[in-house]
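Work through the exercises below with the sequence and the structure at hand. Each task is followed by a solution in steps.

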Amino acid sequence: MSDTDLIKLYSQRILALAADMPGTDPLPAPDVTVRKRAPLCGSTVEVSLTCTDGRVSGYSQTVHACALGQASAAIFGAQVVGRTRDEVAKLRDQLAEMLKGGPVPDAPFGDYEVLQAARDYPNRHGSILLAPEATLEALEQC
């Protein structure tokens, strides 16, 4: 990876998202906690949820990932409360497609457009998908 590629990949917006992550305060009494790891890069995300009527009513995340995984978790964490399992599954699928060259996910997850530069770096895709995947697994346990 050249210096120019790194600059493109780690834009100021990505770094700003990574630095301002929502949902980092622990939930006092989560219904479920799930930890996921991206095998290629070793990034990890642990999410804790409370669920009410099939929706995320509380969300907390602990993220140990590269700036791309952190930015993804920040975008996701800002929008996840109130979402159903089907909405999270749709986002995860749309995000995976975007990373393969497809369109940016639907609103309210349009901020993922900032991660389009990661399409050319498949070894980073697992980290980007961690927060939605962990949340989907947690929702299946709620």
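Contact here means heavy atoms within 4.5 Å. The model is predicted.

**Exercise 1. Find the residues that leucine 115 touches, not counting residues up to four places away in sequence.**

Step 1. Apply the contact cut-off of 4.5 Å between heavy atoms.
Step 2. Leave out residues up to four places away in sequence; leucine 115 then touches Ile14, Leu68, Ala71, Ser72, Ile75, Met98, Leu99 and Ile128.
Step 3. Place leucine 115 in the largest nonpolar core, which has 43 residues. Together with Leu49, Tyr59, Phe76 and Tyr112, Leu115 touches the most other members.

**Exercise 2. State which helices and strands each supply at least two residues of this core, and which gives the most.**

Step 1. List the helices: H2 (12-19), H3 (67-79), H4 (85-99) and H5 (125-141) each supply at least two residues.
Step 2. Add the strands: E1 (32-37), E2 (44-52) and E3 (55-64) also each supply at least two.
Step 3. Find the main contributor: H5 gives the most, with eight residues.
Step 4. Set this beside the general trend: in soluble globular proteins, nonpolar side chains tend to be buried together.

**Exercise 3. Describe how H2 and H3 pack, and decide whether they are roughly parallel or roughly perpendicular.**

Step 1. Take the axes of H2 and H3: they come within 7 Å and cross at roughly 65°.
Step 2. Angles of 65 to 115 degrees count as roughly perpendicular, so H2 is roughly perpendicular to H3.
Step 3. Assign the hand: H2 passes H3 in a left-handed crossing.
Step 4. Name the residues that meet: H2 brings Ile14, Leu15, Leu17 and Ala18, while H3 brings Ala67, Leu68, Gln70, Ala71, Ala74 and Ile75.

**Exercise 4. Describe the pairing of E1 with E2 and the turn between them.**

Step 1. Determine the sense: E1 and E2 are antiparallel, with six bridges.
Step 2. Check one bridge: valine 32 is partnered by leucine 49 in E2.
Step 3. Inspect the turn: the two strands form a hairpin with six residues between them, and glycine 42 in the turn has a positive phi of about 85°.

**Exercise 5. Locate two backbone features in loops, at aspartate 53 and proline 108.**

Step 1. Aspartate 53 lies in the loop between E2 and E3. Its phi is positive, about 50°, although aspartate 53 is not a glycine.
Step 2. Is aspartate 53 buried or exposed? Its relative accessibility is 77%; the cut-off for exposed is over 50%, so aspartate 53 counts as exposed.
Step 3. Proline 108 lies in the loop between H4 and H5. A cis peptide bond joins it to alanine 107, with omega about 10°.

Key. Residues numbered from 1 in each chain as written. Predicted model: local features only at pLDDT ≥ 70, side-chain atom pairs only at ≥ 80, totals over all residues. Heavy atoms only, no water. Core = buried A, V, L, I, M, F, W, Y, C linked by side-chain atoms within 4.5 Å. Buried < 20%, exposed > 50% of the residue type's maximum accessible area, 1.4 Å probe, protein only. Helix = DSSP H or I, 4+ residues; strand = E, 2+ residues; numbered from the N terminus. Pairing = 2+ DSSP bridges. Axes fitted to C-alpha atoms, helices over the stretch in contact; angles between N-to-C directions. Parallel < 35°, antiparallel > 145°, perpendicular 65-115°, else oblique. Left-handed = near helix turned anticlockwise from the far one by under 90°.
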